[in-house]
Amino acid sequence: MTGLLIAVVAVLAILVVLQVMKVTGLSSDLQDGKDNEVSTKDNNTQGTLLLLFGIAFMVSFVWMIVAWGDVILPKPASEHGVQYDSLMWISMGLIILVFVLVNPVLFYFAFKYRGLKGTKATYYEHNNKLELIWTSVPAVVLAVLIIYGLTTWSNVMNPDNTDQEPMVVELYAQQFNWTARYSGEDNTLGYANVALIEGANFLGVDMNDDNAKDDFIVKELYLPKGKPVKFKFRSQDIIHSAYMPHFRAQMNCVPGMVTEFQFTPTITTDEMRADKYVMKQVTNVNDIRIEEGNDPWEFDYVLLCNKICGAAHYNMQMPIKVVEQAEYDKWVAEQQLLAQN
Ligand SMILES: [Cu+2]
């Protein structure tokens with residue numbers, strides 16, 4: 001019913017616009033088209049409005065940086081994250097530089113060269129030198145950025161594994177939660193398939209596979225500092241995306257296939273909690289939380305889903321703890337193996 005009403009209103013609105021156009025056309029005919037002439041007053045109004053809009057636009061840009069500049073992510077907590085951030089900030093710096101140079105000029109010129117009685121636009125046909133400059137400068141800058149981006153991509157996606165064997169961990173996504181499966185002492189995950197899901201074995205692990213004997217599952221991710229971790233992602237239902245923003249890591253989890261991503265955490269949770277920038281962010285958040293009558297929040301690394309996968313997508317998250325090796329070993333010893341369940 002609502003749909004039908006909207007359709008009727010839309011049709012009526014179109015008819016109104018058509019009628020107004022017709023009337024304007026008729027009145028223009030009566031005045032021999034003189035009402036369409038642009039007066040000096042029109043040019044001044046439009047030119048001034050554009051200039052004011054340009055100023056407001058630039059002021060709002062600066063204001064947004066000042067107002068929200070302190071809610072961006074803290075320093076990267078992974079080895080590759082440092083390269084990732086340099087790439088982002090160099091690209092961002094170039095974009096902002098061009099933005100603040102070009103936009104004020106664009107709006108100012110629109111004002112300065114507005115239509116004025118008696119002035120005529122210069123007909124300027126061609127200038128090889130100018131064309132060469134505005135083609136080659138962006139081409140060189142873009143080529144450098146792209147080559148830099150490809151090199152960074154290659155470094156991030158093909159990390160050097162020669163000095164340390166990565167620890168293998170599975171991240172299993174389903175609407176709407178995460179489960180992590182550690183590969184245990186053999187560092188090899190037991191075979192798993194959704195077809196084997198039965199009762200408590202909700203990851204579909206093949207318990208007849210020897211590699212599965214020492215696997216264990218958890219709802220909180222523990223990672224030792226300084227050790228490479230190779231994540232293998234699976235999804236039970238639809239496409240999810242494993243997003244670990246503090247480690248600058250994201251990978252899609254696709255039903256029917258295993259995707260991978262590897263990184264090395266470099267900052268423990270405790271070290272990050274003691275970071276000045278993080279402490280300031282936590283204070284800011286807690287000021288709001290206390291005002292609204294909520295419990296204070298403590299910083300934790302987090303794994304989020306970054307694909308809008310359904311109603312409870314926003315709540316699809318898992319805490320990540322980065323700890324020193326000794327604490328990690330202690331934690332592993334406390335875990336119950338799948339085979340003991
Ligand atoms: Cu999801």
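**Sheet.** I began with the open sheet in this predicted model, and I read its 5 strands in the order β4-β10-β9-β6-β7, with mixed pairing. I noted β4 (221-224) and β7 (249-253) as the edge strands, since each of them pairs on one side only. From one strand to the next I find a twist that averages 20°.

I then looked up how β6 and β7 are joined: β6, residues 240-244, pairs with β7 in the antiparallel sense, and the pairing runs over 5 bridges. Within this pair I located Met-244, which stands opposite Ala-249 in β7. I also checked what packs on the sheet, and found helix α7 (residues 325-334), which touches β4 and β10 (317-323) and whose direction makes about 140° with that of β4.

**Core.** Which residues touch the most other members of the largest nonpolar core? Of its 35 residues, I list Leu-171, Ala-173, Trp-178, Leu-221, Ala-242, Leu-303 and Ile-320. I looked next for the strand that gives the most to this core, and it is β1 (residues 167-174), with 4 residues. As background I keep in mind that nonpolar side chains in soluble globular proteins tend to be buried together.

I followed Trp-178 further, leaving aside its neighbours within four places in sequence, and found this residue in contact with Leu-171, Tyr-172, Ala-173, Leu-303, Met-316 and Met-318. Among these partners, Leu-171, Ala-173 and Leu-303 also appear in my list of core residues that touch the most other members.

**Helix α6.** I turned to α6, residues 276-291, whose 16 residues reach 23 Å from the first C-alpha to the last, close to the 22 Å expected at 1.5 Å a residue. Is α6 largely buried or in the open? I count 0 buried among its 16 residues, so the helix lies largely in the open; the cut-off behind this is that a buried residue has 20 or more other C-beta atoms within 10 Å of its own. After α6 I noted Gly-293, whose phi is positive, near 80°.

**Whole chain.** I closed with the chain as a whole, whose secondary structure comes to 7 helices and 10 strands. Its radius of gyration is 30 Å, well over the 20 Å that the globule rule gives for 341 residues, so I record the chain as more spread out than a compact globule. Along the principal axes I find that the C-alpha trace spans about 95 × 60 × 45 Å, and I note that 19% of the 341 residues count as buried. Taking contacts between residues at least 6 apart in sequence, I find that 68% join residues at least 24 apart.

Conventions
Residues are numbered from 1 along each chain as its sequence is written. This is a predicted model: local features need pLDDT of at least 70, side-chain atom pairs count only at pLDDT 80 or more; totals for chains, interfaces and linings use all residues. Two strands pair if DSSP finds at least two bridges between them. Helices (H or I, at least four residues) and strands (E, at least two) are DSSP runs, numbered from the N terminus. Axes are lines fitted to C-alpha atoms, for helices over the stretch in contact, and angles run from 0 to 180 degrees between N-to-C directions. Two residues are in contact if their C-beta atoms, placed from the backbone, lie within 7 Å. A nonpolar core is a set of buried Ala, Val, Leu, Ile, Met, Phe, Trp, Tyr and Cys residues joined through C-beta atoms within 7 Å. A residue is buried if 20 or more other C-beta atoms lie within 10 Å of its own, exposed if 12 or fewer, and partly exposed in between; C-beta atoms are placed from the backbone. The expected span of a helix is 1.5 Å times one less than its number of residues. The radius of gyration is taken over C-alpha atoms; the globule rule is 2.2 Å times the number of residues to the power 0.38.
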